Amino acid sequence: MSAPALDVLALAAHRDDVEQTCGGTLLRMAGRGLRTGILDLTQGEMGTRGSADDRAREAADAARILKASFRQALDIPDGRVENSWENRLKIARVIREQRPRVLILPYWKGRHPDHYTASTLGYEAAFLAGLRKLGNTPGSSTGAAAEALAQLAPHRPFKIIYASVYYDVRPSFVVDITDQFEVRLQALMAYKSQYADQSAGSGLFPQEKEIRSRLESMASFYGLLAGVKYAEPFVQKEVGLVDDITAIPVSSI
Ligand SMILES: [Zn+2]
């Protein structure tokens, strides 16, 4: 076993998705001494501006800014994220290697097919990662990827939550990112080839001021729902379990 297990792993289709959907939350968790990580499914080669190499450098900068202990990009084609057996194996391998307790996935509905496909793909990969006999069933033709996976101990995240800021849905809960907002914005601005003010492709990408104002509006909206300045929204499928009803946060009246 190499690195210690991650407390939180955030999975997303594209480099810079995590910065927009749950970067403040990752930063907040890192601030509490937890180990966080990011798994990007694609390398961003379809982006209007900059190359995949530019994106790789920028993603590493952004990860440092977010204090993430781990970041990796898979080689799934950008714009063609498919819920295939092969892709599930690739993600399951990272889950077994990093052993996260909490997995953050994109919300399962949205405008971009890569985003909503990444949600189901991530869930099914997490399920697969926990199957004890995966890849070592005698006589099965599971292939080299499954055999490599079989060398690693099975692991399933305890908790899966869905980052929902890209879709208009009422969150199950929000995370207060008031203290993390500015640094999260810096992490997004690390994608200079995509976001810095420049002429190529202008009209497609809002410039820095507009990005700030858009992020502020979204974070304020979700913050307002919980009585804090800025927040990031999440959906969970399970019901909440309460130990002490006198300690439930967010005032009702
Ligand atoms: Zn995206």
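In which sense do strand β5 (residues 159–163) and strand β7 (residues 231–235) pair, and over how many bridges? The two strands pair in the antiparallel sense, over two bridges. Two strands are taken as paired if DSSP finds at least two bridges between them.

This is a predicted model, in which local features need pLDDT of at least 70 and side-chain atom pairs count only at pLDDT 80 or more, while totals for chains, interfaces and linings use all residues. Residues are numbered from 1 along each chain as its sequence is written, and side-chain values use heavy atoms, with hydrogens and water left out.

**View 1. An open sheet of seven strands.** The strand order is β3-β2-β1-β4-β5-β7-β6, and the pairing is mixed. β3 (70–73) and β6 (173–176) are the edge strands; each has a single partner strand, so one side of each lacks a neighbour in the sheet. On average, neighbouring strands are turned by 25° against each other, direction ignored. Angles in these legends run from 0 to 180 degrees between N-to-C directions, with axes fitted as lines to C-alpha atoms, for helices over the stretch in contact. Strands (E, at least two residues) and helices (H or I, at least four) are DSSP runs, numbered from the N terminus.

**View 2. β7 between β5 and β6 in the sheet order.** Y162 stands opposite V235 in β7. β6 also pairs with β7 in the antiparallel sense, over four bridges. There, V174 stands opposite P233 of β7. Five of the five residues of β7 are buried, so the strand is largely enclosed by the rest of the structure. Buried means under 20% relative accessible area, exposed over 50%, and partly exposed in between (1.4 Å probe, protein chains only). A231, P233 and V235 point one way from β7, while E232 and F234 point the other way. In a regular strand the side chains alternate between the two faces of the sheet.

**View 3. β2 and its partner strands, β1 and β3.** β1 (8–12) and β2 (36–40) run parallel and share five bridges. β2 and β3 are also parallel, joined by four bridges. D40 can be followed across both pairings: D40 is the bridge partner of A12, and A73 in β3 is the bridge partner of D40. All five residues of β2 are buried, so the rest of the structure largely encloses the strand. T36, I38 and D40 point one way, and G37 and L39 the other. Together with helix α3 (residues 52–65), β2 and β3 make a right-handed β-α-β unit. Right-handed means that, with the strands pointing away from the viewer, the path from the first strand over the helix to the second runs clockwise.

**View 4. Helix α4 (residues 85–98) across the sheet.** The helix lies across β1, β2, β3 and β4 (102–106). It runs at about 165° to β3. Q98 belongs to α4. At a relative accessible area of 11%, Q98 is buried. Outside its neighbours within four places in sequence, Q98 is in contact (heavy atoms within 4.5 Å) with A5, L6 and F70.

**View 5. The zinc ion and its protein donors.** The donors are H14 (ND1), two OD atoms of D17, and H115 (NE2), lying 2.1 to 2.5 Å from the ion. Donors are N, O and S atoms within 2.8 Å of the metal (3.2 Å for Na, K and Ca); water is not among the atoms, so sites may look incomplete. Along the chain, the spacing is H-x2-D-x97-H. The four donor atoms subtend angles of 56 to 129°, which makes the arrangement irregular. Four donors count as tetrahedral if all angles lie between 85 and 135 degrees; four count as square planar and six as octahedral if opposite donors are over 155 degrees apart and all others between 65 and 115; anything else is irregular. H14 is buried at 11% relative accessibility, and D17 is buried at 5%.

**View 6. Positive phi at D16 and V250.** Neither residue is a glycine. D16 sits in the loop between β1 and α1 (17–21) and has a phi of about 95°. D16 is buried, with a relative accessible area of 4%. V250 lies in the segment after β7, with a phi of about 75°. At 47% relative accessible area, V250 is partly exposed.

**View 7. Helix α2 (residues 23–31), mostly covered.** Seven of its nine residues are buried, among them L26, L27 and M29. Just after the helix, G33 takes a positive phi of about 85°.
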